[in-house]
Amino acid sequence: MLRHATKKTRRTTVVFDFLAPIAFGYRLGSSKVQPRPSVTKPPKRCDTKRLAEFPSSVRAPNPAVLCQNIKQRISLLGQPGAAAVSDPDINLFDETVVSLRLALKAGDIARVGELWSQLEDRKLLRLLGRELRGFSERAAKLCFTDNSEPGDADERKIIEGIAIAAAVEGAENALTTCMVTHIKRGDSQAALHLYRRFLDRSSNQTASEPLPSSMQEDAENVNGIALDFLGDQLSHQPNFSLVLAAIAAHALEDSFEGALKVILDNPVRINQSAQKEFVASFDDFSFRAKIQNYVRRLDIARLVSRHHSLSTHIANLSSSQGLQPIQNLYRAIIDGLNGPEPYLAARDSQKSSQRPVVIQEINWAAFLTGFLRCHRRDLAENLWNDMLKYGIQPGVITWTALLDGFDSMGEADAASTSWDHMVSQGIRPGILTYRAVISTLFNAWRPDDAIEKFAIFRRDLTNGSLPDTGDALPVYNTVLHGLLNNGRAGDAAALLQNLREKGPKPDIVSYNTFLRHHGRRGEFRAVSVMLERLREDGLTGDAFTFSTVLSALLKVGRTDAIDVVLSLMRKQNVEPNVAVFSAIIDHQLRESSEQGLRMAMELLQKMEMNPDARPNDVTYTGVLASLHRQVWPNTALAEECRRYVLKRMEERNIRLNRVAYHILIKACLENPEPEGLQGALGYYKEMANRPVPMNYDTWYILLHGLISREEWAVADEMVVDLLRYIKPVGALESLIGRIQRRTATI
């Protein structure tokens, strides 16, 4: 497809590379322009104006020297805490950096070590900024080459000390080079010794923010599973390149147990591109395969060790990406339990140094619900049998997951039968178990059965016989929703009043349930009553509240609906900021009506006139995604709105980033009309023309969407483009196989 992309002649502005990061507030992976933080006023003893002056020692008419000095100064000004550097240290930094460059050029390792120590002793290394990586890498190359002999031990010690110091400051490449060189020489212990020295050193000081990496992180792991929940990694963890090197060292020793300890102690995510580049540095293909096998299994162990995040991830997969990713993950976990070299444990009694990670019941339950949401009862039954085979007795968490799954399938009879089996086995249902079965019965239009279960729940709650003592309000909210949906508004109102008087006190979810019910029916008097009761109970509305009120006002023909809602927000002391406005706009667009679209655009215009709530890239991207995703009754109006949003973004110099393009391409491909495909290809070409770098996630979204639409001819061309840039692996390779086989479903 790239060969079809229109090529345009662009006017370009020359910007020196060393000015760009500071001049443009460089920020990876975002189109947002972040305001630079104000610098704390330094002590009087430090004259900050000197930071912008050239030291006399490097004044020269030579343009190269002049540019290098400018680069030093701008880098220095951009570093945190630079304003607090004393005048002597400023001069020392200037002189030492110049000397360090000369020593590196001359290959004088002893001199390099001496100068580096001076910067390190004065805690000035961080002021090198992005140059820290380059300095340390050049130093490592003086001593470590792929085929060189170990060389002088003293020189190697100096370089390794530099590499460790740089890694602690966030520049890990040099240390990785040192470790890899030891591994290539067959000295795994030397590599692991360096890794342990780095960990000891980094644990004894405050962690620095890692320097920007040249490697962009993919959105898929080695098992072909897109991951979106791993943003909680700790800042003190080592870079994935160091972890990979440590894993490779253990692989050289045939110690999977040692590698397992590395990844569990430092659970960093290793993306496919990083792994591919790393293993390519080894000539031995069997060793490459061994490292890849280690990483694949280690990644599974890491995922299972974070059971809450894993459960959330499984739920996301079941609702968005279909069955295959869940199956792949489940099979990999089962292999970890009973494969040739098991490294996972099914029960606490099996836990050992060889099998340190136990699969929690919450994870079995997540898989169970996921399979049922994909309407695969056969896989759910196999999982249940697997649990029994491994000696795991399903508990209340698993039974609750089973009921949730039946709820998503609309199988009330199966849920009732399962409930009876659960009780007969002595499993005491908890609060969430009651919520699941009551929801299933209400959604199956069996309100009497649901009310009967609710009565048992209230009795058990009053008697204190429930196994858990959590918040019971979710059950009450489920009942309120079910009663309203089943035409029992009077019973719902009576229950709400009972909650107000006797507890548990209703929350904003309770009231939003009523507001939505009355708002959809245009019963604005009832909406007003609920708003007053909400206020009496000391609650404050959220974005859903105000959007629901807005829709209700529109249904009764109020032309001042937006002004009324804004007034209501102010009365409740809710600041109409960007987040609140954006959420209300999103709710209006989800109505898929012309009226909702007009109100959303009117709100967007009001945001643009409000200096405290001007729309940002997230707002605009969300509006565009909704415009593309849905088939609007008034296509001309939708197209007019789309052009307006793009024009406003251009006028405000807000450009789409890669994440935004992914959202828009996915939204376009979800639109079944031909315009959806045209829109997706338009954004794809725009990415190529700008250019915006494409990663595995880009291609996955494109191919997955084209397969869902069965646009085989376009998918074939897209694969041709893809193969020109990357080598597909994992889930992406699987999608290409489906395209070649013309298989739209798993």
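**Questions on a predicted model**

Reader: Why is histidine 375 called exposed?

Author: In this predicted model, histidine 375 has a relative accessibility of 53%. Exposed means over 50%, so histidine 375 counts as exposed. Histidine 375 lies in the loop between α15 (361–373) and α16 (377–389).

Reader: What makes the phi of histidine 375 notable?

Author: Phi of histidine 375 is near 60°, a positive value in a residue other than glycine. Most residues other than glycine have a negative phi.

Reader: How do you know that asparagine 653 is exposed?

Author: The relative accessible area of asparagine 653 is 58%, and the cut-off for exposed is over 50%; asparagine 653 is therefore exposed. Asparagine 653 is found in the loop between α30 (635–651) and α31 (658–670). Its phi is positive as well, about 60°, although asparagine 653 is not a glycine.

Reader: Why are α21 and α23 called roughly parallel?

Author: The axes of helix α21 (residues 473–485) and helix α23 (residues 508–520) cross at roughly 10° and come within 9 Å. Angles under 35 degrees count as roughly parallel, and α21 and α23 are therefore roughly parallel to each other. On the α21 side the contact is made by Leu473, Asn477, Leu480, His481 and Leu484; on the α23 side, by Val509, Ser510, Thr513, Phe514, Arg516 and His517. By class, this contact of α21 with α23 has five nonpolar, five polar and one charged residues.

Reader: How do you know that the span of helix α9 agrees with the expected value?

Author: Helix α9 (residues 240–252) has 13 residues, which at 1.5 Å a residue should span 18 Å. The expected span is 1.5 Å times one less than the number of residues. The end C-alpha atoms of α9 are 18 Å apart, which agrees.

Reader: What makes α9 mostly covered?

Author: Of the 13 residues of α9, 12 are buried, where buried means under 20% relative accessible area. Among them are Phe240, Leu242, Ile247 and His250. The cover over the buried residues of α9 includes α6 (153–168), α7 (173–184), α8 (188–203), α10 (256–265), α11 (272–279) and α12 (285–305). For the chain of 746 residues, 49% count as buried.

Reader: Which peptide bonds are cis, and what are their omega values?

Author: A cis peptide bond joins glycine 503 and proline 504, with omega about -5°. Proline 504 is found in the loop between α22 (489–502) and α23. The bond from arginine 690 to proline 691 is also cis, with omega near -5°. Most peptide bonds are trans.

How values were computed. Residues are numbered from 1 along each chain as its sequence is written. This is a predicted model: local features need pLDDT of at least 70, side-chain atom pairs count only at pLDDT 80 or more; totals for chains, interfaces and linings use all residues. Side-chain values use heavy atoms; hydrogens and water are left out. Axes are lines fitted to C-alpha atoms, for helices over the stretch in contact, and angles run from 0 to 180 degrees between N-to-C directions. Helices (H or I, at least four residues) and strands (E, at least two) are DSSP runs, numbered from the N terminus. Angles under 35 degrees count as roughly parallel, over 145 as roughly antiparallel, 65 to 115 as roughly perpendicular and the rest as oblique. Contact means heavy atoms within 4.5 Å. Ala, Val, Leu, Ile, Met, Phe, Trp, Tyr, Cys and Pro count as nonpolar, Asp, Glu, Lys and Arg as charged, and the others, Gly among them, as polar. Buried means under 20% relative accessible area, exposed over 50%, partly exposed in between (1.4 Å probe, protein chains only).
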